[in-house]
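Trainee: I have a model open and would like to learn how to read it feature by feature. Can we start with a sheet and work outward?

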Amino acid sequence: MCRIYGTFNVHSDQAELRRVADLMHHGGPDAQGVAHRPDWALGNNRLSIMDPEGGAQPYHLGRVTVVFNGEIYNHRELRARLSGLGFHFDDLCDGSILPALYVTYGDRFAEHLDGMYSVAVMDLRETPRMVLATDDSGMKPLYYHWDRAAGRFHFASELPALLGFAGVKAEEDEAGLDAYLTSKTPFGNRTMFRGVQVLPPAATALLNHRDGLRIKRRPMAHEQGLRPDKDRTLEEAGDQLRALLSEEVSRLLIADAPVAAVTSGGLDSSLVTALAAQALRDGGGTGSLHTFNIAYTGTWPSDERGYAAEVARAAGTTHHQVEVDPATFPDLMTDVVRHLGQPNADPITLSTFSLFRAVRDAGFKVALTGDAADELFSGYSRMTQAVAAHHGSNWIDGYLDHLAAVPRALRKSLYTDEYAFAVNAVGPALPPGIRRILHSSPGTRLQRIGAVEQRYRLPAYHLRRVDHLSMASSIEVRLPFTQPSVVRFASTLTDEQRLVPGLGVKRALYQAAQGLIPRSVLERPKQPFTLPITAMLTPGQRLWTLARDVLSPQTLRADGRIRPERVNALFHEQATRPSDTVSLALWSLMSHQLWRQEFFAAAGTPLTLHTPARVLQEAA
């Protein structure tokens, strides 16, 4: 696991490259390496997980140079295949096979990889060209800035590092606020910075002096033409899924560094925990699996520590109960915003950041989690509501409103007239592909929703958050549910094996967990793993004080996009009639302003907004 960065057709001196590397030191504290030429550079910060004594980057094979972030789980099979073709490898590190794989298969090398990764290749054998590739689910993002006119290209694993290049300016996309409030973080290849984009999942980017930048999309695992198996019973599906997850969890436990598991107390992480503990016992390993759960000082709604402890006892793990004082949250928010690089409206960001810091403090470098199961196996209430909606009803708008940090009606009431005019001129905040998939793609309503969740929401909102906040503490997160074999299997489930209104969600996954985790966990009401901000964002709490300060009328008037009187009305409503909708709206607006302060005010950029006329001009 690493952090990578680089340039093409750019002259960067050593001081600039060192500055960019230092901005991602937390994600690769074990070693640094760079290949630097007059018009290109590839750099790497390493978090050593596999073969700590080997794996020095950049990798070189003749005139091919490679840097890599992630884990390649099938590297042993690939090494054997490539060795048979005459290639020699000096170490057993998973990434060391990449130059030979690229030389053998060219631009299609990523089709042979099983894992989570972002890879950058500099090929000087003929015309200089750069090739970049991302994994099928988007677990390891790559942010980039492409100056088409000058032919200059910069990339990095994290936004703050990309902005560390002299040729990349931190300029806010003013319409990004609308995109953020519409989907909790920008979807697709969009970011909150003007001119900065992110490579989509399953993408291969090709760059040379003649053709510029071209991005090709490979089929994601759920797009590979698999059809639901209607002859398979729910019990058979559960048994097959359990066997598949058991195999993948066992593979993901292989590391030359200590491995732990995150156990929230819900179905997904509990099943991963049980399978990991079982795999360690079956493998004859010494010692037990270590598990971690996070809770908050005091008495708050939705406390899951009891369920997590029960799962740990049943699985026989060494359990760590992490407890965070909510009074420290205002101090944490700046760190979280800086590491994310752009706002993410989910309050769980604070909990995630704190939890992985505790995992690292306990001596671990790898953690297994249950992330992504809801997207694959249909676990969200918004999916149930959409499926249950009457035929012909406006279920699409209802579903999309569930994705928002602020529902559409409330969102529009917050905007000043000038900002509303500018947003309408720019166009839809969501990528157009989302409505196209929901409205007219083949498949059932639930299958179309699943396609949107996996292509757009999961990588942008979920996986990037997990990646950035775990690597902030030098923790590599491994996600069994995003393994291509699991994603493909999920595509073979019928709607009834996923979700039936009135009977439950994630039915195949619950079936797979039977007998593995306590019945109290299987039968508990589903609740999201999140921070109880409705209870915490109330008068007298530190979060309330912070929000009132950050969202002051003076600040909002200077920004020019949000009506101060409407925000004051939200504070009054939250103080008198607390609700999840209002508390999330206030949290989201506060997070956005803290992001602006971190990336613009701190750098001396005024908080004043570019005029709507400029927004209109750029849109045109």
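Mentor: Sure. Keep in mind that this is a predicted model. Here five strands make an open sheet, ordered β15-β14-β13-β16-β17, and the pairing is parallel.

Trainee: What holds strands like these side by side?

Mentor: The general idea is that strands of a sheet pair through backbone hydrogen bonds, in either a parallel or an antiparallel way. For a case here, take strand β14 (residues 290–296) and β15, which pair in the parallel sense over seven bridges. If you want one residue pair to click on, Y296 has V324 in β15 as its bridge partner.

Trainee: Which strands stand at the edges of the sheet?

Mentor: Those are β15 (318–324) and β17. Each has a single partner strand, so one side of each is left without a neighbour in the sheet.

Trainee: By how many degrees are neighbouring strands of this sheet turned against each other on average?

Mentor: By 30°, with direction ignored.

Trainee: OK, now an antiparallel case, please.

Mentor: Go to strand β8 (residues 143–147). It pairs with strand β9 (residues 152–156) in the antiparallel sense, over five bridges. Look at D147, whose bridge partner in β9 is R152. β8 and β9 form a hairpin with four residues between them, and G151 in that turn has a positive phi of about 70°.

Trainee: Which other strand do bridges join to β8?

Mentor: Strand β10 (residues 196–198), through three bridges, and the two run antiparallel. There, Y144 stands opposite Q197 of β10.

Trainee: Why is β8 described as largely enclosed by the rest of the structure?

Mentor: Count the buried residues, where buried means under 20% relative accessible area. Four of the five residues of β8 are buried, so the strand is largely enclosed by the rest of the structure. If you look along any strand, remember the general pattern too: in a regular strand the side chains alternate between the two faces of the sheet.

Trainee: Let's do helices. How do I read a packed pair?

Mentor: Check the angle, the axis distance, the handedness and the residues that touch. Try helix α13 (residues 395–403) against helix α17 (residues 445–471): they pack at an angle of about 35°, with axes 13 Å apart. The crossing of α13 past α17 is right-handed.

Trainee: Which residues in α13 and α17 meet?

Mentor: From α13 come W395, Y399 and L403; from α17 come R445, R448, I449, V452, E453 and R457. By class, the residues of this contact divide into five nonpolar, no polar and four charged.

Trainee: Where do the axes of α12 and α17 come in, in ångströms and degrees?

Mentor: Helix α12 (residues 381–388) and α17 have axes that come within 10 Å and cross at roughly 150°. α12 also passes α17 in a right-handed crossing. The α12 residues R382, M383, A386 and V387 meet R445, L446, I449, E453 and R457 in α17. That contact has five nonpolar, no polar and four charged residues.

Trainee: What about odd backbone geometry in the loops?

Mentor: Start with peptide bonds. Q57 and P58 are joined by a cis peptide bond, with omega of about -5°. P58 sits in the loop between β3 (40–46) and β4 (59–61).

Then scan phi for positive values outside glycine. K184 has one, near 75°, and its place is in the loop between α5 (176–183) and β10. S474 has another, near 60°, in the loop between α17 and β17 (476–478).

Trainee: Is K184 buried or exposed? And S474, buried or exposed?

Mentor: K184 counts as buried, at 14% relative accessibility. S474 counts as buried as well, at 8%.

Trainee: Last step: how do I read the chain as a whole?

Mentor: Begin with the inventory: the chain has 27 helices and 17 strands. Its radius of gyration is 24 Å, close to the 25 Å that the globule rule gives for 620 residues, so the chain is as compact as a globular protein of that length. The C-alpha atoms fill a box of roughly 70 × 60 × 50 Å along the principal axes.

Trainee: And what percentage of the 620 residues counts as buried?

Mentor: The figure is 61%. For contacts, take residues at least 6 apart in sequence: 73% of those contacts join residues at least 24 apart.

Note on methods: Residues numbered from 1 in each chain as written. Predicted model: local features only at pLDDT ≥ 70, side-chain atom pairs only at ≥ 80, totals over all residues. Heavy atoms only, no water. Buried < 20%, exposed > 50% of the residue type's maximum accessible area, 1.4 Å probe, protein only. Pairing = 2+ DSSP bridges. Axes fitted to C-alpha atoms, helices over the stretch in contact; angles between N-to-C directions. Left-handed = near helix turned anticlockwise from the far one by under 90°. Contact = heavy atoms within 4.5 Å. Nonpolar A, V, L, I, M, F, W, Y, C, P; charged D, E, K, R; others polar. Rg over C-alpha atoms; globule rule 2.2 N^0.38 Å.
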